[in-house]
Amino acid sequence: MTSPIKVDVWSDIACPFCYVGKRKFEATVAASGLPVEVEYHSFELSPDTPEDYHGSHADYLSTKLGVTPAQVKGMEKQMAGLAESVGLAFHHDKIKPTRTRKAHELLHYAKAHGRQAEVKERLLKAYFTDGVNVGRVEELADLAAGLGFDRDDVVRSLESGEHADAVAGDVQTARDYGINGVPFFVFDNRYGVSGAQDPDTFAGVLAKVDSEREPAA
């Protein structure tokens with residue numbers, strides 16, 4: 001019996017490929033039958049995004065990427081199709097662009113309570129499907145309360161910046177590793193995989209890591 005394979009994942013809440021990649025990786029793990037332990041780490045793709053962006057998701061992408069609204073619509077349609085292929089529903093018309101720093105702080109709060117994976121999934125759905133502004137403390141606290149967390153304590157944590165240093169530490173580690181795009185998966189601190197790869201790619205890395213590991217005592 002071997003110990004779980006540790007997989008560290010750098011990703012952002014406002015990252016469609018992170019959500020799609022999460023689903024592909026989860027399917028791979030389920031099919032492999034291998035014990036895997038996942039830890040999520042913070043990465044901000046657009047730290048300069050205001051908490052309250054006044055405009056649509058299409059407006060935001062058009063400005064950010066320097067493309068036309070028609071091009072944005074094509075990109076959104078393609079992304080929605082990719083999401084649907086792994087069982088996700090992206091509602092781009094509902095998305096509220098925002099800075100994700102506070103959402104990452106909530107993930108560290110959840111980690112301290114042993115519930116990081118659950119909160120990660122909820123935040124991604126909130127952003128891409130439900131149209132929640134995941135940059136606002138009040139809305140994040142409502143999400144957490146809906147999962148059974150103490151709302152007042154969540155507000156206290158987020159308003160005080162209790163986990164701000166942990167978020168900054170994740171971002172710095174990503175820089176140290178040379179990670180400049182997400183999702184990024186690190187397997188047992190040895191192998192890195194960038195992007196929302198197909199399950200076969202993830203399966204190959206898991207099998208390689210598993211074959212090289214020593215059985216647990």
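The following exercises, with worked solutions, concern the strands, helix contacts and selected loop residues of a predicted model.

**Exercise 1. The sheet**

Determine the order in which the 4 strands form an open sheet, and establish which strands stand at the edges.

Solution.

Step 1. Begin with the pairing of strand S1 (residues 5-11) and strand S2 (residues 36-42): the two run parallel and are joined by 7 bridges. Within S2, Val 36 is the residue opposite Ile 5.

Step 2. Turn to strand S3 (residues 184-187) and strand S4 (residues 191-194), whose pairing is antiparallel and comprises 4 bridges. Phe 184 has Ser 194 in S4 as its bridge partner. The hairpin of S3 and S4 has 3 residues between the strands, and Asp 188 there adopts a positive phi near 50 degrees.

Step 3. Assemble the sheet: the order is S2-S1-S3-S4, and the pairing is mixed. S2 and S4 each have a single partner strand and therefore stand at the edges, so one side of each lacks a neighbour in the sheet. On average, neighbouring strands of this sheet are turned by 20 degrees against each other, direction ignored.

Step 4. Add the helix that covers part of this arrangement: H8 packs on the sheet and touches S1, S2 and S3, its direction making about 100 degrees with that of S2.

Step 5. Examine the burial of S1: 6 of its 7 residues are buried, and the strand is thus mostly covered.

**Exercise 2. Helices H1 and H3**

Classify the relative orientation of helix H1 (residues 16-32) and helix H3 (residues 69-85), and describe their contact.

Solution.

Step 1. Take the geometry: the axes of H1 and H3 come within 9 Å and cross at roughly 20 degrees.

Step 2. Apply the cut-off: because angles under 35 degrees count as roughly parallel, H1 is roughly parallel to H3. The crossing of H1 and H3 is left-handed.

Step 3. List the residues: H1 contributes Pro 16, Phe 17, Val 20 and Lys 24, while H3 contributes Met 79, Leu 82 and Ala 83. By class, the contact of H1 with H3 contains 6 nonpolar, no polar and 1 charged residues.

**Exercise 3. Helix H4 and its two partners**

Characterise the packing of helix H4 (residues 101-112) against helix H7 (residues 151-160), and then against helix H5 (residues 116-130).

Solution.

Step 1. For H4 and H7, the angle is about 120 degrees and the axes lie 10 Å apart. This angle makes H4 oblique to H7. The crossing of H4 and H7 is right-handed.

Step 2. Identify the contact of H4 with H7: Lys 102, Glu 105, Leu 106 and Tyr 109 of H4 meet Asp 153, Val 154, Arg 156, Ser 157 and Leu 158 of H7. These residues comprise 4 nonpolar, 1 polar and 4 charged.

Step 3. For H4 and H5, the axes come within 8 Å and cross at roughly 155 degrees. Since angles over 145 degrees count as roughly antiparallel, H4 and H5 are therefore roughly antiparallel to each other.

Step 4. Identify the contact of H4 with H5: Ala 103, Leu 106, Leu 107, Ala 110 and Lys 111 of H4 meet Gln 116, Val 119, Lys 120 and Leu 123 of H5. The division by class is 6 nonpolar, 1 polar and 2 charged.

Step 5. Compare the lists for H4: Leu 106 takes part in the contact with H7 and also in the contact with H5.

**Exercise 4. Two loop residues**

Decide whether Glu 162 and Gly 33 count as buried, partly exposed or exposed, and place each in its surroundings.

Solution.

Step 1. Locate Glu 162 in the loop between H7 and helix H8 (164-177). Its relative accessibility is 41%, so Glu 162 counts as partly exposed.

Step 2. Find the surroundings of Glu 162: leaving aside neighbours within four places in sequence, Glu 162 is in contact with Tyr 109, Arg 156 and Ser 157. These three residues also belong to the contact of H4 with H7. Glu 162 and Glu 105 are 57 residues apart in sequence, with a C-alpha to C-alpha distance of 7.8 Å.

Step 3. Locate Gly 33 in the loop between H1 and S2. Its relative accessibility is 66%, so Gly 33 counts as exposed.

Step 4. Relate Gly 33 to Ile 179: the two are 146 residues apart along the chain, and their C-alpha atoms are separated by 29 Å.

Note on methods
Residues are numbered from 1 along each chain as its sequence is written. This is a predicted model: local features need pLDDT of at least 70, side-chain atom pairs count only at pLDDT 80 or more; totals for chains, interfaces and linings use all residues. Side-chain values use heavy atoms; hydrogens and water are left out. Axes are lines fitted to C-alpha atoms, for helices over the stretch in contact, and angles run from 0 to 180 degrees between N-to-C directions. Angles under 35 degrees count as roughly parallel, over 145 as roughly antiparallel, 65 to 115 as roughly perpendicular and the rest as oblique. A crossing is left-handed if the near helix is turned anticlockwise from the far one by less than a right angle, and right-handed if clockwise. Contact means heavy atoms within 4.5 Å. Ala, Val, Leu, Ile, Met, Phe, Trp, Tyr, Cys and Pro count as nonpolar, Asp, Glu, Lys and Arg as charged, and the others, Gly among them, as polar. Buried means under 20% relative accessible area, exposed over 50%, partly exposed in between (1.4 Å probe, protein chains only). Two strands pair if DSSP finds at least two bridges between them.
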